[in-house]
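Here are a few exercises to work through with the coordinates open. Try each task on your own before you read the solution.

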Amino acid sequence: MKMEPEKLELDEIVDATEDELIGYLSELVRVPTFVPPGEYYEEIVDLLIPHLRDSGFRCERIVVPEEIVERMKEDVAGLSGERVNLLATRDAGNKHSLDIYTHLDVVPAGEAWTTNPYSTVRSGDRLYGRGVADSKGSVAALMMALRIMNEHKIRSRYNLRVALTTDEEIGVYSGLCYFADKGLLRGNYLLCMDGDNEGVCVATNGVMNWEIVVNGKACHSSTPFLGTNAIERAKLVMDALKRLKERVERRESKAPCSPFMTRVTGQKHIKPVFNLTMISGGVKENIIPPSCVLRGDRRYIPEENEQDVVDEFENALAPLKSELDFEVHCHPGYPPMYTDPEEEWVKEVQTAASAAFGVHKPVTGVQGGLDVAYAVQKTGQPVCAFGVGSSMESNAHGADENIRIEDLKNYVKFLIMLLRDR
Ligand SMILES: [Zn+2]
């Protein structure tokens with residue numbers, strides 16, 4: 001591949017700032033923004049503000065109101081502290097504006113780390129620490145890209161709105177959802193820096209959690225005919241769910257999945273997913289169980305809609321009503337997301353990502369959900385997600401989360417190539 005002179009120059013500039021880039025990331029990792037509880041949001045926002053001001057941004061702390069936080073606390077245990085988010089804007093008088101988003105919270109460290117999760121440790125060609133890939137690496141890269149553009153007088157082709165928000169990892173109502181509801185996302189396009197660097201993601205599944213409570217009647221286990229065994233009766237529900245699962249998972253979206261997924265599963269497009277993931281019931285070995293609770297999730301493709309998904313679920317269980325006492329509860333979460341891969345904006349991101357990483361980045365979809373889907377359902381913005389880490393190697397949400405220094409640097413180049421005026 002022949003390098004353009006400009007790319008070589010950019011390589012040199014980014015190489016020269018490697019230590020400072022790692023320094024930015026270390027500062028961010030040191031603030032333990034894990035949620036729950038999410039107690040250090042104000043600290044991380046305060047740390048970012050001077051950097052963004054130096055790059056010419058107007059910064060605003062956006063705090064989610066108490067009454068919304070109270071409602072979140074009903075769904076998620078252990079939240080505490082103010083829900084502080086950052087909105088930074090820079091209007092350079094351009095025709096188009098771009099919103100850039102990712103989240104500042106991380107999942108708790110968990111067990112089995114071989115390094116201190118809240119300090120950035122360099123080993124070989126990688127950096128280790130909670131959030132280096134998901135998603136503080138992209139925040140550090142953005143700080144560096146903006147600084148380089150400032151120092152080298154590289155003009156941005158967009159007016160920028162940077163939304164660095166919190167509570168993404170609890171999956172209920174994130175800071176970004178609040179931004180969308182308050183009308184704070186206004187760009188012609190939206191770049192989501194949360195995700196992986198294997199492809200430019202244009203599609204995600206929607207999520208619906210469900211719960212089924214099967215009721216029985218407790219009695220002494222030596223005279224089971226006097227009661228109703230809720231666990232044994234739950235088998236009928238499980239059989240119905242199994243049939244529903246088979247039907248649901250035969251469907252396929254038009255959105256492509258990642259090359260990795262194709263390699264592992266043979267599938268070429270994203271699919272709906274249906275899982276039974278939790279089961280609980282019973283009191284004691286010698287008591288006939290009075291109830292059994294089944295829980296799981298249903299992830300639905302962009303071509304399906306929430307109401308149909310709920311109806312289908314309830315209809316699949318309806319025939320059991322005559323022989324079984326049970327209740328069904330559906331809890332819809334984030335909607336699906338889909339941006340046409342032919343959108344000009346997707347091509348822009350794909351071109352910059354491919355050039356910066358020196359390898360073709362395909363357009364992909366994922367079977368998980370994103371809070372961005374909620375946001376763009378409100379705003380209608382064309383969105384795609386391209387992140388800094390590797391879904392295969394970074395072990396996001398696990399022990400020893402890591403990132404290649406090369407990927408971090410390439411991400412700085414990606415941002416500059418995407419933003420600079422051409
Ligand atoms: Zn993330």
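## Exercise 1: An odd alanine

Ala-112 has 8 C-beta neighbours inside 10 Å, so it counts as exposed. The model is a predicted one, by the way.

**Task.** Find where Ala-112 lies, and work out what its phi is.

**Solution.**
- Step 1: place the residue. Ala-112 lies in the loop between β3 (96-103) and β4.
- Step 2: read the backbone angle. Phi of Ala-112 is near 75°, a positive value although the residue is not a glycine.
- Step 3: put that in context. Most residues other than glycine have a negative phi.

## Exercise 2: Another positive phi

**Task.** Is Asp-400 buried, exposed or partly exposed? Also find the loop that holds Asp-400.

**Solution.**
- Step 1: look at phi. For Asp-400 the value is near 55°, again positive in a residue other than glycine.
- Step 2: locate Asp-400. The residue sits in the loop between β15 (383-385) and β16.
- Step 3: count neighbours. Asp-400 has 17 other C-beta atoms within 10 Å. The cut-offs are 20 or more for buried and 12 or fewer for exposed, so Asp-400 comes out as partly exposed.

## Exercise 3: Cis bonds and a loop contact

**Task.** Which residues does the cis peptide bond at Pro-37 join, and what does Gly-78 touch?

**Solution.**
- Step 1: check omega. The bond between Pro-36 and Pro-37 is cis, with omega about 5°. Pro-37 belongs to the loop between α2 (18-30) and α3 (41-54).
- Step 2: go to Gly-78, which is in the loop between α4 (66-75) and β2 (84-90). With 11 C-beta neighbours inside 10 Å, Gly-78 counts as exposed.
- Step 3: look across. Leaving out residues up to four places away in sequence, Gly-78 touches Pro-36 and Pro-37. Gly-78 and Pro-36 are 42 residues apart in sequence, yet their C-alpha atoms are 5.7 Å apart.
- Step 4: pick up another cis bond. Asp-134 and Ser-135 are joined by one, also with omega about 5°. Ser-135 is in the loop between β5 and α5 (136-151).

## Exercise 4: A sheet of three strands

**Task.** What is the strand order in the open sheet that contains β4, β5 and β16, and why does one side of β4 lack a neighbour?

**Solution.**
- Step 1: write down the order. The sheet runs β4-β5-β16, with antiparallel pairing.
- Step 2: find the edges. β4 (121-123) and β16 (402-404) each have a single partner strand, so one side of each has no neighbour in the sheet.
- Step 3: get the twist, which averages 25° from one strand to the next.
- Step 4: zoom in on a pair. Three bridges link β5 (residues 126-128) to β16, and Arg-126 stands opposite Arg-404 there.
- Step 5: add the helix. α12 (residues 405-419) lies across β5 and β16, at about 65° to β16.

## Exercise 5: Two domains

**Task.** Work out how many residues each domain gives to the contact between them.

**Solution.**
- Step 1: split the chain. Domain 1 is 5-204 + 336-419, and domain 2 is 206-332. Their centres, taken over C-alpha atoms, are 35 Å apart.
- Step 2: count. Domain 1 gives 17 residues and domain 2 gives 16.
- Step 3: sort the domain 1 side by element. β8 (200-204), β13 (337-338) and β14 (363-366) each give two or more residues, and β14 has the largest share with four.
- Step 4: sort that side by class. There are ten nonpolar, six polar and one charged residues.
- Step 5: look at strand pairing in domain 2. β9 (residues 206-215) is joined to β11 (residues 291-300) by ten bridges, antiparallel. β9 also pairs with β12 (residues 326-332) over seven bridges, again antiparallel.

## Exercise 6: Into the core

**Task.** Which residues does Val-372 contact beyond its sequence neighbours?

**Solution.**
- Step 1: start with the helix. In α11 (residues 371-379), the buried residues include Val-372, Ala-373 and Tyr-374.
- Step 2: move to the largest nonpolar core, which has 112 residues; Val-372 is one of those touching the most other members, along with Ala-141, Cys-192, Val-349, Cys-384 and Leu-415. Each domain supplies at least three residues to this core.
- Step 3: list the contacts. Leaving aside neighbours within four places in sequence, Val-372 meets Tyr-101, Leu-176, Cys-192, Met-337, Val-383 and Ala-385.

Key. Residues are numbered from 1 along each chain as its sequence is written. This is a predicted model: local features need pLDDT of at least 70, side-chain atom pairs count only at pLDDT 80 or more; totals for chains, interfaces and linings use all residues. Domain bounds come from an automatic or database domain assignment. Two residues are in contact if their C-beta atoms, placed from the backbone, lie within 7 Å. Ala, Val, Leu, Ile, Met, Phe, Trp, Tyr, Cys and Pro count as nonpolar, Asp, Glu, Lys and Arg as charged, and the others, Gly among them, as polar. Two strands pair if DSSP finds at least two bridges between them. Axes are lines fitted to C-alpha atoms, for helices over the stretch in contact, and angles run from 0 to 180 degrees between N-to-C directions. A nonpolar core is a set of buried Ala, Val, Leu, Ile, Met, Phe, Trp, Tyr and Cys residues joined through C-beta atoms within 7 Å.
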